[in-house]
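Dear colleague,

Please find below the structure that I am handing over to you. I would be grateful if you could read the notes beneath it with the coordinates open.

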Amino acid sequence: MPSRTANKNVHQPDVSTRAAAAQAPAAEPGDDAGSRTLRRGLQLLDAVLASGREGLRVVDLCRAAGLERATVHRLLATLMESGYAAQRGRFRYVAGPRLAAMAQPAGMPNMAVRLRPVLERVSAACGDAAFAIVREGPASHCIARHVGTHPVQILVIQVGTRQPLGVGAAGLALLSALPDDEMASAIAANAPVLGRYGGMTAERMALLVRATRERGWSVIGNHATDGVLAVGMAVRSSEGEPVAAISVASTLDRMPRERQQLIARWMREALAALLPGGL
């Protein structure tokens, strides 16, 4: 009896192709690039939320969300820019200010409520308007404001105003308090729009950061608003992380160097007295 041989005209499926097909996830109805990106972003956000206050490293997030490192970095950049994630220290990621505000238990005062007495005290001492901001990615977000008693009040921003981190005094103070890599990343992200703020540049912003770090508080004028100068100071959490900042703004003629120093002292004293353990 003749032996049987394989028919060379019949296609033999490749084993590796079958294995890859078996491992590939089945496409869901309506699954496109946009929905896949959203799903991955939500997976990453779930992992960040589950990590609590300690946060997770990129390698941990890759493992927890089942994503590659490049994808995690790209999604984290978007989440931080929109305020849904934030860095804790240099390597860990936690829930950002938007999620932190929503997740607070009922009755627990948020950052705006806790900073308001500080603004009231500083504003009462100097007579000018005082402001509080938090960071949302490379932007600052005004969360509280207190109007002073001086006849002329410089209300440069309102509660809810967002602008590039660093173009205002509070934002510059907070930017300067960040680790070098986060500071540089924020400046780079804002570089395309800095020119809209009094001709600010990334190079000048870096110089202002250096001066702020040497001085211990920020001062900036004629950038966010013409004819206005403001003084700012970073506010740290109980763990020592920079999480907010406060500022006072007034006209240039009310802000000679000696008064800038005095306002910075009032800020420091108000924070020490009202938030001795941090925000």
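The notes that follow go from the whole chain to its sheet, its helices and a few single residues.

**The chain as a whole**

Please bear in mind that this is a predicted model. The protein chain holds 10 helices and eight strands. Of its 279 residues, 42% count as buried. Among the contacts with a separation of 6 or more, 59% are between residues 24 or more positions apart. The chain exposes about 15,300 Å², and carbon and sulfur atoms supply 54% of that area.

**The six-stranded sheet**

Six strands make up an open sheet, in the order E5-E4-E3-E8-E7-E6, with antiparallel pairing. Strand E5 (162-164) and E6 stand at the edges with a single partner strand each, so one side of each has no neighbour in the sheet. On average, neighbouring strands are turned by 30° against each other, direction ignored.

At the E6 edge, E6 and E7 are joined in the antiparallel sense over four bridges. One of the residues involved is Val219, whose bridge partner in E7 is Val231.

Two helices that pack on this sheet deserve attention. Helix H6 (residues 111-126) touches E3, strand E4 (139-146), E7 and E8, and its direction makes about 60° with that of E4. Helix H10 (residues 257-274) touches E6, E7 and E8, and its direction makes about 25° with that of E7.

Within the sheet, Ser247 belongs to strand E8. Its relative accessible area is 8%, and Ser247 is therefore buried, the cut-off being under 20%. Leaving out residues up to four places away in sequence, Ser247 touches Ala129, Ala130, Phe131, Ala169, Ala170, Val231, Gly232 and Met267. Val231 is thus named twice here, as a contact of Ser247 and as the bridge partner of Val219.

The loop between E6 and E7 contains Gly227. This glycine is partly exposed, at a relative accessible area of 32%. Gly227 and Ser250 lie 23 residues apart in sequence, and their C-alpha atoms are 8.7 Å apart in space.

**Helix H7**

How many residues of helix H7 (residues 169-177) are buried? Nine of its nine residues are, and the helix is mostly covered. They are Ala169, Ala170, Gly171, Leu172, Ala173, Leu174, Leu175, Ser176 and Ala177. These buried residues pack against strand E3 (129-136), helix H8 (180-190), helix H9 (202-215), strand E6 (218-221), strand E7 (228-236) and strand E8 (242-251). Two of the H7 residues, Ala169 and Ala170, are among the contacts of Ser247.

Ser176 is a further residue of H7 to inspect. It counts as buried because its relative accessibility is 6%. Apart from its neighbours within four places in sequence, Ser176 is in contact with Val209, Thr212 and Arg213.

**Helices H8 and H9**

Two packed helices are described by the angle between their axes and the distance between the axes. The axes of H8 and H9 come within 10 Å and cross at roughly 145°. The crossing of H8 past H9 is right-handed. Asp180, Met183 and Ile187 of H8 meet Ala202, Met205, Ala206, Val209 and Arg213 of H9. By class, the residues of this contact are six nonpolar, no polar and two charged. Val209 and Arg213 of H9 take part in this contact, and both are also in contact with Ser176.

**Helix H3 and the E1-E2 hairpin**

In helix H3 (residues 58-65), the buried residues are Val58, Asp60, Leu61, Cys62 and Ala65. Gly66, just after H3, takes a positive phi of about 70°.

E1 and E2 form a hairpin with three residues between them, and Gly89 in its turn also has a positive phi of about 70°. Four bridges join strand E1 to strand E2 (residues 92-95), and the two run antiparallel. Ala85 stands opposite Ala95 in E2. The side chains of E1 (residues 85-88) alternate: Ala85 and Gln87 point to one face and are buried, whereas Ala86 and Arg88 point to the other and are not.

With kind regards

Definitions and conventions:
Residues are numbered from 1 along each chain as its sequence is written. This is a predicted model: local features need pLDDT of at least 70, side-chain atom pairs count only at pLDDT 80 or more; totals for chains, interfaces and linings use all residues. Side-chain values use heavy atoms; hydrogens and water are left out. Buried means under 20% relative accessible area, exposed over 50%, partly exposed in between (1.4 Å probe, protein chains only). Contact means heavy atoms within 4.5 Å. Accessible areas come from the Shrake-Rupley method with a 1.4 Å probe; for residues, only the protein chains shown count as cover. Axes are lines fitted to C-alpha atoms, for helices over the stretch in contact, and angles run from 0 to 180 degrees between N-to-C directions. A crossing is left-handed if the near helix is turned anticlockwise from the far one by less than a right angle, and right-handed if clockwise. Ala, Val, Leu, Ile, Met, Phe, Trp, Tyr, Cys and Pro count as nonpolar, Asp, Glu, Lys and Arg as charged, and the others, Gly among them, as polar. Two strands pair if DSSP finds at least two bridges between them.
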